[in-house]
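Please examine the structure shown below. The paragraphs that follow move from a pair of strands to particular features of the backbone.

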Amino acid sequence: MSHSLTLRRPDDWHLHLRDGAMLRAVLPETARHFARAIIMPNLVPPVVTGAQAAAYRDRIMAALPEGMAFEPLMTLYLTEDTDPADVAAAHASGLVKAVKLYPAGATTNSASGVRDFARIAPVLEKMAEIGLPLCTHGEVTAAEVDIFDREALFIDKVLDPIRRAHPGLRVVMEHITTSQAVDYVTAADESLGATITTHHLVINRNHILVGGIKPHYYCLPVAKREEHRLALVKAATSGADRFFLGTDSAPHVDPLKEHACGCAGCFTATNTMSVLAEVFEAEGALDRLEGFTSLNGPAFYRLPANEATITLTKGDPVTYPAKIDSGDGPVTVFDPGFPLHWRVDA
Ligand code: NCD
Ligand code: ZN
């Protein structure tokens, strides 16, 4: 039995770093193990233009502690007023690696998102032309649609029509939570990829709701039935190269999680690699962990895989802090509910 595993340094293809004190607190948690991350643009106000993305990248680099290496891969928040020329310039300069589509009202800070999809057609056309991927928050938002059905409906109502209208467009269906999404991505051509979070490989909706409500397991898209979690585990550990890690690590301070109207988001940056090692080991798929965390994402984004490595070593349970201090208040670290035996040496 192998007790040590060396992987190319992983990347996180969906990450929330926030800004200010929270940024300074959470950035080292990611940079400790990860080389790069696709940085979500849902700040308040959102990161809409190339100039805003450049300024945000500079704030991220200024927040990086001495001696740590990390490359933020910036994204733009797609609005109905996004200028295709600005997107193309931000891509051409090497700054922006994706554009993020939030249906208006789908999740945290998504009020500026898209209502009328016809209005974004010129931007999508330009992105298809220049090879810039579209990242999608895959949930419809109509009030009458049940929250557990929102992802599956997004595939039929939004994603498939967009992909048919823009055949050259490369799309990432982010933080997938359903077997329908796994099936859709598996059946699609190589222009479609999907990220899977750490927490959706571990929890189902019972973890949120049985035995008292657990606000730290509440995120969007919300975790679904166990059969869906099993489909995600199968996809992530299958070796299929169109599935890759996007943690969606999304910090909120405890008072805003443990609240009458609690924020959505699980904070997984700190212990993700140890959690994933347990999940992949349980499936007998440790040899496929590197593909999921370190190879499939760069291949989809047409970037080189990292040359640096990390080593995971199995031994006595590793402890991670239950909370980190953000300066704005404590942020609870995701509790997988099982012991973690894999230590990470970066
Ligand atoms: C994210 C956040 O807090 O910004 N929350 C979440 O539950 N995942 C937004 C998002 O990615 O949906
Ligand atoms: Zn997210």
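In this predicted model, strand β10, which spans residues 309-314, pairs with β13 in the antiparallel sense, and four bridges connect the two. Within this pairing, T313 stands opposite R343 of β13.

Strand β13 itself comprises residues 342-345, and its side chains alternate between two faces. W342 and V344 point to one face and are buried, whereas R343 and D345 point to the other and are not buried. Such an arrangement follows a general pattern: in a regular strand, side chains alternate between the two faces of the sheet.

Attention may now turn to the loops. Two peptide bonds that precede proline are cis. One of them runs from V44 to P45, with omega near -5°; P45 belongs to the loop between β3 (36-39) and α2 (50-63). The other joins L220 and P221, with omega of about -10°, and P221 is placed in the loop between α7 (205-209) and α8 (226-237).

The backbone also shows positive phi values in residues other than glycine. For H175, phi is near 40°. This residue, H175, lies in the loop that connects β7 (171-173) with α6 (179-187). Is H175 buried or exposed? The relative accessible area of H175 is 1%, so the residue is buried, the limit for that term being under 20%.

D248 likewise has a positive phi, near 55°, and is found in the loop between β9 (243-245) and α9 (254-257). Because its relative accessible area is 5%, D248 is also classed as buried.

Key:
Residues numbered from 1 in each chain as written. Chains lettered and ligands numbered in written order. Predicted model: local features only at pLDDT ≥ 70, side-chain atom pairs only at ≥ 80, totals over all residues. Heavy atoms only, no water. Buried < 20%, exposed > 50% of the residue type's maximum accessible area, 1.4 Å probe, protein only. Pairing = 2+ DSSP bridges.
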